[in-house]
Amino acid sequence: MGCEDVLWVYGHPNIRATHHSTIEFTKDPFCTLRGNCILGVKASKSVVDLNEELKAEIRKGRKVWVRISCGGFTDELYGFGSRKLELKDPRSMVIRKSGFIDSRTLLINANKSAKDIDRKLVRKMMDPRSRALVEIYV
C-alpha cells in the first residue's frame with residue numbers, strides 16, 4: 001500500500017444499502033429509509049478531512065481501494081480519482097459507479113455500489129451499536 005487514510009462509521013437501524021449507483025458515509029448522526037445509499041453514519045471524517053497526500057493521489061486519477069470491516073465481515077471495492085474532484089464537502093463522502101462529480105464525491109467509476117456490498121456486513125451496519133473501519137488506500 002502507498003498512501004492511505006482511515007475513518008470510523010457507525011450503524012443505524014435505517015441503513016438498507018440498496019442504491020444501484022452510490023455508497024455514502026455521512027457525519028450525520030442518523031439516516032432515513034430514503035437514504036438507501038448510506039452505509040454508515042457519525043463518520044469520523046468527510047472528504048474534506050482526508051489527509052492531503054491521499055487527496056493529491058486521488059486527484060491524479062489513481063485507482064483507489066476502499067475496505068469496509070465490521071463485526072468480522074469485510075468487503076472491498078475500488079474506484080478512480082479525477083483531477084476534477086473537489087473533495088470539499090464537510091459532511092459526507094460518496095463513491096459512485098458513474099462519472100458524476102460534486103463536492104461530496106470521493107471516487108467515480110467504482111466497481112460496487114451500496115447494493116453490491118456483502119449483505120452480512122450491511123446487516124451488521126443496521127445495528128446502531130456497530131462500528132465499522134473504512135480504509136481508503138492507493
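Modeller: Is Arg83 buried or exposed?

Biologist: A residue is called buried under 20% relative accessible area, exposed over 50%, and partly exposed in between, with a 1.4 Å probe and protein chains only. Arg83 has a relative accessible area of 69% and is therefore exposed. The model is a predicted one, in which local features need pLDDT of at least 70 and side-chain atom pairs count only at pLDDT 80 or more, while totals for chains, interfaces and linings use all residues. Residues are numbered from 1 along each chain as its sequence is written, and side-chain values use heavy atoms, with hydrogens and water left out.

Modeller: Where in the chain is Arg83 found?

Biologist: Helices (H or I, at least four residues) and strands (E, at least two) are DSSP runs, numbered from the N terminus. Arg83 lies in the loop that links strand 5 (73–80) to strand 6 (92–96). Its C-alpha atom is separated by 29 Å from that of Ala132, a residue 49 positions apart from Arg83 along the chain.

Modeller: Is Ser130 buried or exposed, and which residues is Ser130 in contact with?

Biologist: Contact means heavy atoms within 4.5 Å. Ser130 has a relative accessible area of 7% and is therefore buried, although it too belongs to a loop, the one between helix 2 (119–125) and strand 8 (131–137). When neighbours within four places in sequence are left aside, the contacts of Ser130 are Val9, Tyr10, Gly11, Cys70, Lys124 and Met125.

Modeller: Which strands form the open sheet with antiparallel pairing, and in what order?

Biologist: Two strands pair if DSSP finds at least two bridges between them. Here the order is 1-8-4-5, an open sheet of four strands. Strand 1 (4–10) and strand 5 each have a single partner strand, so one side of each lacks a neighbour in the sheet. For the angle between strands, axes are lines fitted to C-alpha atoms, for helices over the stretch in contact, and angles run from 0 to 180 degrees between N-to-C directions. Neighbouring strands of this sheet are turned by 20 degrees against each other on average, direction ignored.

Modeller: How many bridges join strand 1 to strand 8?

Biologist: There are seven, and the two strands run antiparallel; within this pair, Leu7 has Val134 of strand 8 as its bridge partner. Strand 4 (residues 63–70) is antiparallel to strand 5 over eight bridges, with Arg67 bridged to Glu76. Two residues lie between strand 4 and strand 5 in their hairpin, where Gly71 takes a positive phi near 55 degrees.

Modeller: Which strands make up the open sheet with mixed pairing?

Biologist: The order is 3-2-6-7. Its edges are strand 3 (38–40) and strand 7 (105–107), each pairing on one side only. Strand 2 (residues 22–26) and strand 6 run antiparallel and share five bridges, with Ile23 opposite Ile95. Strand 6 and strand 7, by contrast, are parallel, with two bridges.

Modeller: Which residues of strand 6 are buried on one side, and which on the other?

Biologist: In a regular strand the side chains alternate between the two faces of the sheet. On strand 6, Ser92, Val94 and Arg96 are buried on one side, and Met93 and Ile95 on the other.

Modeller: How many residues has the largest nonpolar core?

Biologist: A nonpolar core is a set of buried Ala, Val, Leu, Ile, Met, Phe, Trp, Tyr and Cys residues joined through side-chain atoms within 4.5 Å. The largest has 37 residues, and those with the most contacts inside it are Phe25, Leu39, Ile68, Ile95, Leu106 and Ile136. Strand 4 gives the most to this core, with four residues.
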